[in-house]
Amino acid sequence: MDCAAEEFAKKEGAITVEILTPAQYGEYEAFVQGHPQGSFTQSIAWPKVKNNWEFAVVGSRNGEGKLAGGMLVLIQPIPQLHTSFLYAPRGPVCDLHDRRVLADLKAGADALAKQYHAHTFKMDPDVLMSDQKFQQIARELGFVQTYGPEGFEGIQARFNYRLYLQGRSEEELFMSLTQGARRKVRIAMKNGVEVRPVGPEYLDQFMELMRTTGQRDGFNIRPQAYFARMLEALGEHVRLYLGFYQGEAVCGAVTTNYGGKTCYVYGASGNAHREVMPNYLMQWEMIRWAVQTGCTVYDFQGVSGNLEEGSHMYGLYQFKRGFNGQLDELAGEFDYLYHPGKAKLVDAAIAGAGKLRALRRRLGR
């Protein structure tokens, strides 16, 4: 811990909040894994994946000295503008209706903002848009809430399609799928499609499928090194799945299993052999992993908020809807601006860089 953080802990520790030291990270990790708001992006392992960010961990303790709240904060320095950006992905981890704990964690973010000369602190907790109590507390603490109608305007998707398992067996869940989804899973089985978790030595095949998917659906893909870091950092909490048909890899996914939640984070598929429905069997095998490990939810992750037939991403929603879950609308992002002027400069620089990258892509550079 550096001097500024140590001074903060000494001053505020007598109350309830502190910047945790590496010696306390094990305590924090156990807290996050066991908390209903826990997420793999709040794990102490996540900075190993986001290795171009610095990080710190804020903790809030109860009267017995035990953690009542925690928050992994990623720190992105922007030396050109003498500032930095703070972000708690799917944080904080606490009772989101406990104003005292939320205020503690905000105080910890304030200390980090001072230390790193941050212009903005952003958080995007897994909280529903219908949760007005949390949103009211966030406003009282000075946060500005932002969200867009499509759901992909922020860093993470705002509309998530989820299957709540409710302690059901594999047989009960399979029979709860829509008739169409069950039929397509059975088509894959009948045609000999094999879906299984594989090791990092299969990343080349997964990346080939990712490139095909990105070209087909019009999005940029992450480099192979990112997925390699994710598999190494999250260990037993992540799997790389591949689906094979006649010996050929035809679909793949990177899926996490952490804190009672299984999340389908990245998916890819080839253009060939789609008639044997390998993607449906792959989803079913990952749902089975969730059931076998006692998870409470299987999260298909993002879909668009535009559910009109014929819209750009309606097919993705239609595919996920076949598994008979529910669409959750999250409340979006919550920003605390320390230096609004610098925040505008950074936003303008990012927008300009994005336009430049788009132009280079159009020119084939």
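## Exercises around a cavity, a helix and some loops

Helix α4 (99–116), strand β6 and helix α5 (132–140) each supply at least two residues of the lining of the largest cavity. That is our starting point. The model is predicted, so local features need pLDDT of at least 70 and side-chain atom pairs count only at pLDDT 80 or more, while totals for chains, interfaces and linings use all residues. Residues are numbered from 1 along each chain as its sequence is written, and side-chain values use heavy atoms, with hydrogens and water left out. Helices (H or I, at least four residues) and strands (E, at least two) are DSSP runs numbered from the N terminus.

### Exercise 1: the cavity

Task: Find which residues line the largest cavity, and sort them by class.

Solution.

Step 1. Rolling a probe the size of a water molecule over the atoms shows where empty space is left. Here a cavity is a set of points, on a 1 Å grid over the protein atoms alone, where a 1.4 Å probe fits but cannot get out; lining residues have an atom within 4 Å of a point.

Step 2. The structure holds one cavity of 30 Å³ or more, and the volume of the largest cavity is about 70 Å³. Grid points are joined across faces, edges and corners, and the volume is the space filled by probe spheres set on the points.

Step 3. Now select the lining: Met71, Pro92, Leu102, Leu105, Lys106, Phe121, Met123, Phe134, Ile137, Ala138, Leu141 and Phe143.

Step 4. Sort them with Ala, Val, Leu, Ile, Met, Phe, Trp, Tyr, Cys and Pro as nonpolar, Asp, Glu, Lys and Arg as charged, and the others, Gly among them, as polar. The lining comes out as eleven nonpolar, no polar and one charged residues.

Step 5. Take a closer look at Pro92, one of the lining residues. Pro92 sits in the loop between β4 (83–88) and β5 (93–94), and the peptide bond that joins Gly91 to Pro92 is cis, with omega near 5 degrees.

### Exercise 2: helix α4 from end to end

Task: Check the span of α4, then describe what stands at its N-terminal end and what follows the helix.

Solution.

Step 1. The expected span of a helix is 1.5 Å times one less than its number of residues. For the 18 residues of α4 this gives 26 Å, and the end C-alpha atoms are 25 Å apart, which agrees.

Step 2. At the N-terminal end, Asp98 acts as a cap, with a side-chain oxygen 3.2 Å from the backbone nitrogen of Arg100.

Step 3. After the helix comes His117, with a positive phi near 55 degrees.

Step 4. Buried means under 20% relative accessible area, exposed over 50%, and partly exposed in between (1.4 Å probe, protein chains only). Among the buried residues of α4 are Leu102, Leu105 and Lys106, which also belong to the cavity lining.

### Exercise 3: two buried side chains with polar partners

Task: Find the side-chain polar partner of Lys122 and that of Thr262.

Solution.

Step 1. A polar contact is a pair of N or O atoms within 3.5 Å; within protein, one must be able to donate a hydrogen and the other to accept it, and residues adjacent in sequence count only if both atoms are side-chain atoms.

Step 2. Lys122 is in strand β6 (residues 118–123) and counts as buried because its relative accessible area is 9%. Its side chain makes a polar contact of 2.8 Å with the side chain of Glu333.

Step 3. Contact means heavy atoms within 4.5 Å. Beyond four places in sequence, Lys122 touches residues including Phe85, Tyr87, Ile155 and Phe334.

Step 4. Thr262 belongs to strand β12 (residues 261–269) and is buried, at 0% relative accessible area. The side chains of Thr262 and Asn257 are joined by a polar contact of 3.1 Å.

### Exercise 4: positive phi in a loop

Task: Look at His273 and Met277: are they buried or partly exposed?

Solution.

Step 1. Place them: His273 is in the loop between β12 and α10 (278–292), and Met277 lies in the loop between β12 and α10 too.

Step 2. Read the backbone: phi is positive in His273, about 65 degrees, although His273 is not a glycine. Met277, also a residue other than glycine, has a positive phi near 55 degrees.

Step 3. His273 is partly exposed, because its relative accessibility is 22%; Met277 is partly exposed, with a relative accessible area of 22%.

Key:
On a 1 Å grid over the protein atoms alone, a cavity is a set of points where a 1.4 Å probe fits but cannot get out, and a pocket is an open set with protein on both sides within 12 Å along at least five of seven lines; lining residues have an atom within 4 Å of a point.
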